[in-house]
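Reader: Could you take one small spot in this model and go through it slowly with me? I'd like to know what sits around it and how that part ties in with the rest.

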Amino acid sequence: MKKRKRIIKDKKLRGEWAESVFIARASEQGLAVSKPWGESHSFDCVVGRPGKFAAVQVKSTIAKLESGKGYICSTSSSHKAYRAGAFDFLAAYVVLEDAWYIIPAKEIRGLKSISLCTEGKEAKYEEYREAWDLLREASGVKEEASAGDGQAEVVVVRPDSAVGRLEAAMSFFRRRIERSQVDPTKETDHRG
């Protein structure tokens with residue numbers, strides 16, 4: 001895997017960038033994502049649909065563990081662990097591995113940091129690597145919804161490269177355009 005040539009050094013700027021990457025990746029996974037206004041919330045994004053939302057705290061890391069076998073990711077705010085109920089899921093992005101961890105909040109409650117991409121007994125969170133299905137389930141998104149049941153069609157894509165993600169995004173927009181085009185032979189005049 002190629003290493004990223006440029007890393008955003010400023011933690012605040014890197015955090016904002018990671019939030020935008022999360023929004024793009026979640027959208028690729030067929031999830032509706034909203035960003036609350038301001039920074040006074042204990043979560044960064046909301047995933048879901050009316051009546052079924054999941055609050056997500058987004059974190060990113062480039063900090064390698066001393067062992068070199070993983071990365072340390074902060075799960076705190078201002079050096080304090082988040083309170084219970086502050087969010088539903090942690091979305092942790094390991095920048096150098098281009099890997100997302102979608103971790104239920106109950107799994108990290110009370111912790112100030114966690115180890116990710118590790119081997120052996122320290123690989124506690126590997127089951128949550130790219131676990132987008134947890135967000136789909138929590139937000140009530142069906143993987144195979146039919147277009148006629150009132151829900152938009154969801155096509156789940158798990159691209160493994162930037163080119164794959166770009167192709168997935170193009171396919172998504174192509175389907176949206178095709179669905180929105182009106183058949184002129186079925187058009188009606190609603191002017192009365």
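**A close look at Ala 63**

Author: Setting aside neighbours within four places in sequence, Ala 63 is in contact (heavy atoms within 4.5 Å) with Gly 70, Tyr 71 and Ile 72. Before going on: this is a predicted model, where local features need pLDDT of at least 70, side-chain atom pairs count only at pLDDT 80 or more, and totals for chains, interfaces and linings use all residues. Residues are numbered from 1 along each chain as its sequence is written, and side-chain values use heavy atoms, with hydrogens and water left out.

So where is Ala 63? You'll find Ala 63 in the loop between strand 3 and strand 4 (71–74); strands here are DSSP runs of E, at least two residues, and helices are runs of H or I, at least four, numbered from the N terminus. Ala 63 counts as partly exposed because its relative accessibility is 32%, between buried (under 20%) and exposed (over 50%), with a 1.4 Å probe and protein chains only. Val 95 lies 32 residues from Ala 63 in sequence, yet their C-alpha atoms are 9.4 Å apart.

Now the sheet. Strand 3 belongs to an open, mixed sheet of five strands ordered 1-2-3-7-8, where pairing takes at least two DSSP bridges. Strand 1 (33–34) and strand 8 (99–104) are the edges, each pairing on one side only. Strand 7 (residues 89–94) runs antiparallel to strand 8, joined by six bridges, and Phe 89 stands opposite Pro 104 of strand 8. Helix 1 (residues 11–28) packs on this sheet, touching strands including strand 3 (52–61). The direction of helix 1 makes about 135° with that of strand 3, using lines fitted to C-alpha atoms, for helices over the stretch in contact, and N-to-C angles from 0 to 180 degrees.
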